[in-house]
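Let's take a relaxed walk through this model. The plan is to start with burial, then move on to rings, a pocket and a helix.

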Amino acid sequence: MDGGSTYQRFPKVKIREMKDDILKFELRETDASVANALRRVMISEVPTVAIDLVEIEVNSSVLNDEFIAHRLGLIPLTSDRAMSMRFSRDCDSCDGDGQCEFCSVEFHLRAKCLSDQTLDVTSKDLYSSDHTVVPVDFSDPNDPGEQRGIIIVKLRRGQELRLRAIARKGIGKDHAKWSPAATVTFMYEPMIRINEDLMETLSLEEKRSWVESSPTKVFDLDPISQQVIVVDAEAYTYDDEVIKKADAMGKSGLVEIEAKEDSFIFTVESTGAVKAYQLVLNAIEILKQKLDAVRLSDDTVEADDQFGELGAHMRGG
């Protein structure tokens, strides 16, 4: 290899659909390793804020304390400033106690049922000390009358729940409650080529039978020309059903389907803690930090001082 050559690639991203809770985009001209690294960082390395400590004052509900604490931890909290917050273990303002404004947020919940009607205690009953970190609102903006929160517990007459909770910054690798992603998937973009000459040897009924052999609607018959056409290549799930059908009909090679090895279609669904597009941007930033840690570490002790646990983790420590 001469000194001027390089393996550097310049990935391209094309946004297909973008909402607060879902993002679909294409990632092209890069390797599967990069696509999978991005996916895994989104799931388990992007920080969020979640309830981590619960002090229950009164609990006469049907659920025990631990159960309620677990349910509280799984409620997604708005985490737009999680990237700039400190991890409680690294906070020098509270000596790692994890109860100061730089690394934690305090919540209170007080509920008592005073009627014969069952009282639903939901995430909307959690009152935060910081207006930027609150339970995610799942109510429909088109229906202002509907106030939906995540149900924590149901109370009957005389039952009461009073508690204090501390939310802290964390990552999904430590516990799933800190994962900002409901799901992140990617698929290889399929490339489908129909052998038109071979297709013409099929009768109309055989064409229809072949089209219907696909579990998903990838192919269809053109109503005018009666030709088989590809209507949605991305609906193909690499099930090989149409290839098996062609072989069974004695028409091997009727269709060629291969995956583009450098083209990926991502679907990112957020829990609401972080907007879907911000989740991707945060993941890219963290991936850059991890790569910098690898590049600079060179198995040196100095890197441990500079990058702490991250440097040691990247070297398998």
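A residue counts as buried when its relative accessible area is under 20%, as exposed over 50%, and as partly exposed in between. Keep in mind that this is a predicted model. With that cut-off, Y236 is buried, because its relative accessibility is 2%. Its ring partner Y238 has a relative accessible area of 33%, so Y238 is partly exposed.

**The chain as a whole**

The protein chain folds into eight helices and 12 strands. It has 317 residues, and 37% of them count as buried. What about contacts along the chain? Taking those between residues at least 6 apart in sequence, 71% join residues at least 24 apart.

**Aromatic rings**

A pair of aromatic rings is described by the distance of the centres and the angle of the planes. How many aromatic pairs does a search of the whole structure find? The count is seven. Two of them are set out here.

| Pair | Centre to centre | Angle between planes | Arrangement |
|---|---|---|---|
| Y188 and F264 | 5.3 Å | 50° | tilted |
| Y236 and Y238 | 5.3 Å | 65° | edge-to-face |

The Y188 and F264 pair ties together distant parts of the chain, with Y188 in strand 9 (residues 181–194) and F264 in strand 12 (residues 255–270), 76 residues apart. Is each partner buried or partly exposed? F264 has a relative accessible area of 0%, so F264 is buried. Y188, at 32% relative accessibility, counts as partly exposed.

These two rings also belong to one aromatic cluster, made up of F25, F186, Y188, F264 and F266.

**A closer look at F264**

F264 sits in strand 12. Leaving aside residues up to four places away in sequence, F264 touches F25, E26, L27, T30, D31, A32, A35, F186, M187 and Y188. Cluster members F25, F186 and Y188 are among those contacts. The C-alpha atom of F264 is also 5.7 Å from that of E189, although the two residues are 75 apart along the chain.

**The largest pocket**

Now for some empty space. The largest pocket has a volume of about 690 Å³. It is lined by 26 residues, and the closest to its centre are V34, A37, L38, I284 and L287. Which elements give two or more residues to this lining? They are strand 1 (12–18), strand 2 (22–28), helix 1 (32–44) and helix 6 (276–297). By class, the lining has 19 nonpolar residues, along with two polar and five charged ones.

**Helix 2 and what covers it**

Helix 2 spans residues 65–73, and its buried residues are I68, L72 and G73. Seen down the helix axis, these buried residues fall within an arc of 140°, so they line one face of helix 2. What covers them? The cover includes strand 3 (48–59), strand 7 (151–155) and strand 8 (160–170).

**One last residue**

T122 belongs to strand 5 (residues 119–122). Is T122 buried or exposed? At 12% relative accessibility, T122 counts as buried, because the cut-off for burial is under 20%. Apart from residues up to four places away in sequence, T122 touches G149, I150, I151 and I152.

Conventions:
Residues are numbered from 1 along each chain as its sequence is written. This is a predicted model: local features need pLDDT of at least 70, side-chain atom pairs count only at pLDDT 80 or more; totals for chains, interfaces and linings use all residues. Side-chain values use heavy atoms; hydrogens and water are left out. Buried means under 20% relative accessible area, exposed over 50%, partly exposed in between (1.4 Å probe, protein chains only). Helices (H or I, at least four residues) and strands (E, at least two) are DSSP runs, numbered from the N terminus. The arc is that of the directions from the helix axis to the C-beta atoms. Contact means heavy atoms within 4.5 Å. On a 1 Å grid over the protein atoms alone, a cavity is a set of points where a 1.4 Å probe fits but cannot get out, and a pocket is an open set with protein on both sides within 12 Å along at least five of seven lines; lining residues have an atom within 4 Å of a point. Grid points are joined across faces, edges and corners, and a volume is the space filled by probe spheres set on the points. Ala, Val, Leu, Ile, Met, Phe, Trp, Tyr, Cys and Pro count as nonpolar, Asp, Glu, Lys and Arg as charged, and the others, Gly among them, as polar. Rings of Phe, Tyr and Trp (its six-membered ring) pair if their centres lie within 6.5 Å; planes under 30 degrees apart count as stacked, over 60 as edge-to-face and the rest as tilted.
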